[in-house]
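Student: I'm new to this structure and would love a close look at one part of it. Could you walk me slowly through a sheet and the helices around it?

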Amino acid sequence: MANILVCDDDKEIVDAIEIYLKNEGYVIYKAYNGEEAIQILNREDIHLLIIDIMMPRLDGIHATLKIREYSSIPIIILSAKSEDTDKILGLNVGADDYVTKPFNPLELVARVKSNLRRYTKLGSMQGEDTLVYRIGGLCIDDEKKEVTVDDELVKLTPIEYSILLLMAKNPGRVFSINQIYESIWNEAAIGADNTVAVHIRHIREKIEINPREPKYLKVVWGVGYKIDKP
Amino acid sequence: MKKHGGLTRKNEILLHMLQQFMAFLLVGCIMILLTYSVVGVRTETDSLKYKHTFGINLFSEAEKFDETDTFDRMLMSALQEIIRYNVAKSQLETDGQFDGDKVIDVRDFANRKNSLTKGMEDLFLTDDTVTAKYYLKDLLKWEKYGLSYESVILTEEEFVTLFGTEKLYLYDGILTEEQKETLQEYLSGVRIPTESEELVVLETTDDADTADSSISIMDDMELLEKESVLDENGTEEKQLGVYTQNQIHQALLDIVKNSPEMIGSIYAESTGEIYVQIFLLQDRYKTTDNRTLLSIAESWKDYVSLVMYVEQTTLDLSYNYGEYQDFKERYETGATNIVYVFNMTMMGESVSVSNLADFAEPEDRKKVSVADMDSFFRNNYGRYIIYRPQTMTFESNTGIIKESGLFDAFSDYEYAYPETAEIWLAVDTAYPAQDSFCQAAEMYETMRPFAHAVCAVAIVSGICWIVLFLYLSVMSGYRKKNEEESLFELHWFDYMYTEIAMLLGILACGLMILGVEFLYNILAEATFKSRMEVVLLSGIGGMVYSVVFCVFWYSFLRRIKGKVLFRGSLLYLVWKGIIVRPARALKKSIQALYGNSGMVVRCILPAGICMAGNFIWGIMARDVLSRGSSSGFWFMIFLVCMADQCFLGLWCMNYLKRKKIIQGIGRIRDGELDYQVPVDNLYGENKELAEAVNSIGEGIQTAVATSMKDERLKADLITNVSHDIKTPLTSIINYVDLLKRENIEDEPVKGYIAVLDAKSQRLKQLTDDLVEASKISSGNITLLLEKINLTELVKQALGEFSEKFEEKGLETVLTLANEPVIIEADSRRIWRVAENLLNNIYKYAMPGTRIYLDMTVTEDKRKAVLSFKNISAQRMNIRAEELTERFIRGDVSRSTEGSGLGLSIAKNLTELQKGSFEIYLDGDLFKVTLTFPLYGESTEE
């Protein structure tokens, strides 16, 4: 299984994460500051790094910068800093994911899995298939009518599938509720109906690790929904 | 108000009445003294009615009236009247009876005072031999019906023919000023005839001191002689002119003929003809021998003299006739207490007059020897006078002890009473006759014993009046209310305007003066009326005066005391309206001037200088114009215009600079705090102002920066603290989660873990919301504004919450506008608002109720209104506005989940996006209304 390095100056947090990840069968290395993390990275074969930002000696941002000089392993920043600016900064210096404290352990585990999958498997592109739509870890195979997220199969209803497919076919385009309704149901949208919104939420709940902060099917509030371009 | 005792109404009235009674007493007593000390003697003639009054001194020591001075004065007066009576008698009577046919020689009568010097008459009356005789009755009638004159114009010849005058113009001598003027006037107006001989008219002044001067007329030879003499004297001479003899003749004729009043005027024609206007007395009555005056007169001078005699005689006779009638009544036997015997020699005849009853006939009196007569007068009457100038005999027991006084009385009538006269006169002090002596004696003797007492009463009542007057003056206006308190009060009369009261006072004074006149008349009549009547009347009169005076005086005092003398006057109204208010306004404006000396210097002074300059230039320009130089005038006008333009320019520049400063202030007000008004071109007050504005701007900038910094520090602090909380919180949450994963069978322990789980989750929510709220309220967020379809948003949001609502059995009723409602907002933030509101509903709505969402567009298509309505599960016991304050929740116990920041954040976010957020509570109805300007509208506003 994969080796995961967890780096946080708070020992209890590191221990808790260790417990969760060990349950998933990962091997855990622990570090308590940036320098230690880099040393372990150099010494061991690490597949994924979970790192805190605010740490003594070398903080997570600088550590990430240094690591990115020679390694492309997935890095998940785990920080109490929840500002947008912090997230943007973390992602810009090379982190692959950003989880804020206090975190949901299951979400963290899911993200670890997701990142590992992409790191280990998705790096090798499969053959081009026009009927397959890939957006990051999301893959919609219209031939098989299958949807996978990080190779995990997701079960969608036909309507949900149609909606997701519509949007995946037109990445970057924002669909309003009425547009979606008219495309899917083939009839004029009438009145105050929030069916589409409910479906979308359901889709999000199925394909997103954290539906409130969707990665694939994003909500543009007051405008509509969209799937970003890969 | 309390310091004076005050008077009760009853006491005050009593005192006033007492005072007025005192006035009555005072005046009454004075009147008693006055009426009893004046005695009047009435005299009546045809044309005159007059009175002698004699004062009686009631305080005299003398017991009897005939011992007093008054008696003597009355006696003297009576004596003079008797003398005149007898003179008139001698002129008008024949043998003791009035004789109208008596022949009067007018020359003798007119010259009767000179009759004693008959022997010398040639000396003085050389030309006055002419005379006329008339009957007495004719002369009296003539005077009665008037002497009239006739104007006649004669030529010089006629005049000379009529009066036979030939020497009229030969006049030389001292001229009066008037004559001199007439002469000069005449001379200057006449043309000089060339053919005549010339004469010189000289005015000679004897001395510089005396104003006497003479006019002399002389020919050349005389003049030469005169000059040689004059050189030695100090006299001064002035040549008035050189005239012909003819001229001077006429001039002198004029003067001479002008001297009697009978000559009206003299006219000189250019031909040299002279006309004379004369007045001739119309002969109403002829002389005894039936001739006219004109026929008697041989010359103009005679005629003039005759007219004079007639005038004099008629006048004197008629006057004497009047007196004669009056005296006859009063001094004949029985009418008077005076008795007399006058013996005298008139015109060589021995005459005797008397009113004695005992020796009524002159013949009887002649038989009585002088000695017997003396003793008769001495013994039979109280007071007597015996006077015989011939023998220097003077004897009297009256106060008249000097012979000289008596002599003076007679000397005027020397022609009637020559020094040979013998006079006996007495007053019967038994007063058998009711004459003025009797009356005076009665008054004196009745009143004298009481005079002092009456006087004393008068003085006492006078003093009483004064004391009461002073007391009441002090007390006036103070009314005693009860034992210890007295108040000041005004009477109704005092509320009258002061001027009107004063007018009434003046009117009353006028009436009083009339009253005094009335009293005086009463007093003058006193001798003939009931004295007590007079006294009572005048007493009442005096009281009335006192009352009138007191009414006004006390009112005056009360006005002063009550300080309404001026304030209650019409003048005060005028004063206030016309003087005080404008004065106050003036004072204010002067103060304003002083307070704004800058204005004086900057505006008024330049304006004044400008105006003064214009004025001066205007005057100068007028002068220039008057000198006819219109180019100069226009040049002046040009200069003035230039000067005024300079001032105008200065003011305009000043205004522009001021405008810049105002613009600067506006920019600072609009938020451009770092704006600086340029001060380089400014000076004086403008510069100060600009600098002040700049420093205010800087101050505000600093303050804003400081407060923003503070706010940011606060937000940072909260953020940092929340970070520090989050780290341990992470552990708590994780380990609680781990605990949950342990298969714990123990139910209580599972319960504890559940509590820990819930509370740690809540703590997490709380820290997140706290950071969010602090960031929003410090304005430390950036909005990404874009077009938002509100309908879409509502649908999306409901989609997000559909399952949660279903879980609680909440049914949503959505009413949307037909058209898309587009607003401009930050997509994520507006979602946060909707999320918070729906979350709030989810948490607090009564399960199983309906939620109403209504979206409308206002009628003016400017705003979108979105409302959320639900029924609260719990009773809300707080005010609507408190709900949006931080950490407030509908349930005060805070037992349920939520940070209490949801509504606060929603509200702040709404307002950040230019919307409005209102909460409405009605019982359990909870309603939130969001209002956003529609897209396109917000930018316009």
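Tutor: Here is a tour of one sheet in chain A and its helices, followed by a short visit to chain B.

Please keep in mind that this is a predicted model. Let's begin with the sheet itself. Four strands of chain A make it up, and they lie in the order β6-β7-β8-β9. The sheet is open, and its pairing is antiparallel. At its edges you will find β6 (132-135) and β9 (152-154) of chain A, each of which pairs on one side only. From one strand to the next, the twist averages 25°. As general background, strands of a sheet pair through backbone hydrogen bonds, either parallel or antiparallel.

Now step into the middle of the sheet. Strand β7 of chain A covers residues 138-141, and strand β8 of chain A covers residues 146-149. Four bridges join them in the antiparallel sense. If you look for a facing pair, A:Asp141 stands opposite A:Glu146 of β8(A). The two strands form a hairpin with four residues between them. In that turn sits A:Lys145, which has a positive phi of about 55°.

Carry on along the chain and you meet another hairpin, formed by β8(A) and β9(A) with two residues between them. Here A:Asp150 is in the turn, with a positive phi of about 50°. β8(A) and β9(A) pair over three bridges, again in the antiparallel sense. One pair to find on screen is A:Thr148 with its bridge partner A:Leu153 in β9(A).

Next, look at what lies across the sheet. Helix α6 of chain A, residues 158-169, lies across β6, β7 and β8 of chain A. Relative to β7(A), helix α6(A) runs at about 105°.

This helix also has a helical neighbour. Two packed helices are described by the angle between their axes and the distance between the axes. The axes of α6(A) and helix α8 (residues 195-207) of chain A come within 10 Å and cross at roughly 85°. Angles of 65 to 115 degrees count as roughly perpendicular, so α6(A) and α8(A) are roughly perpendicular to each other. On the α6(A) side, the contact is made by A:Ile159, A:Glu160, A:Ile163, A:Leu164 and A:Met167. On the α8(A) side, the residues are A:His199, A:Ile200, A:His202, A:Ile203, A:Lys206 and A:Ile207. Sorted by class, this contact has seven nonpolar, two polar and two charged residues.

Finally, a glance at chain B. Chain B has 27 helices and 26 strands, and 41% of its 941 residues count as buried. One of the helices is α2(B), residues 69-92, which reaches 34 Å from its first C-alpha to its last, close to the 34 Å expected at 1.5 Å a residue. In α2(B), 19 of the 24 residues are buried, so the helix is mostly covered. Another is α20(B), residues 630-669: its 40 residues should span 58 Å at 1.5 Å a residue, and its end C-alpha atoms are 57 Å apart, which agrees. Buried residues in α20(B) include B:Phe633, B:Met636 and B:Val640. After α20(B) comes B:Gly671, with a positive phi near 110°.

How values were computed: Residues are numbered from 1 along each chain as its sequence is written. Chains are lettered from A and ligands numbered from 1 in the order in which they are written. This is a predicted model: local features need pLDDT of at least 70, side-chain atom pairs count only at pLDDT 80 or more; totals for chains, interfaces and linings use all residues. Side-chain values use heavy atoms; hydrogens and water are left out. Two strands pair if DSSP finds at least two bridges between them. Axes are lines fitted to C-alpha atoms, for helices over the stretch in contact, and angles run from 0 to 180 degrees between N-to-C directions. Contact means heavy atoms within 4.5 Å. The expected span of a helix is 1.5 Å times one less than its number of residues. Buried means under 20% relative accessible area, exposed over 50%, partly exposed in between (1.4 Å probe, protein chains only). Angles under 35 degrees count as roughly parallel, over 145 as roughly antiparallel, 65 to 115 as roughly perpendicular and the rest as oblique. Ala, Val, Leu, Ile, Met, Phe, Trp, Tyr, Cys and Pro count as nonpolar, Asp, Glu, Lys and Arg as charged, and the others, Gly among them, as polar.
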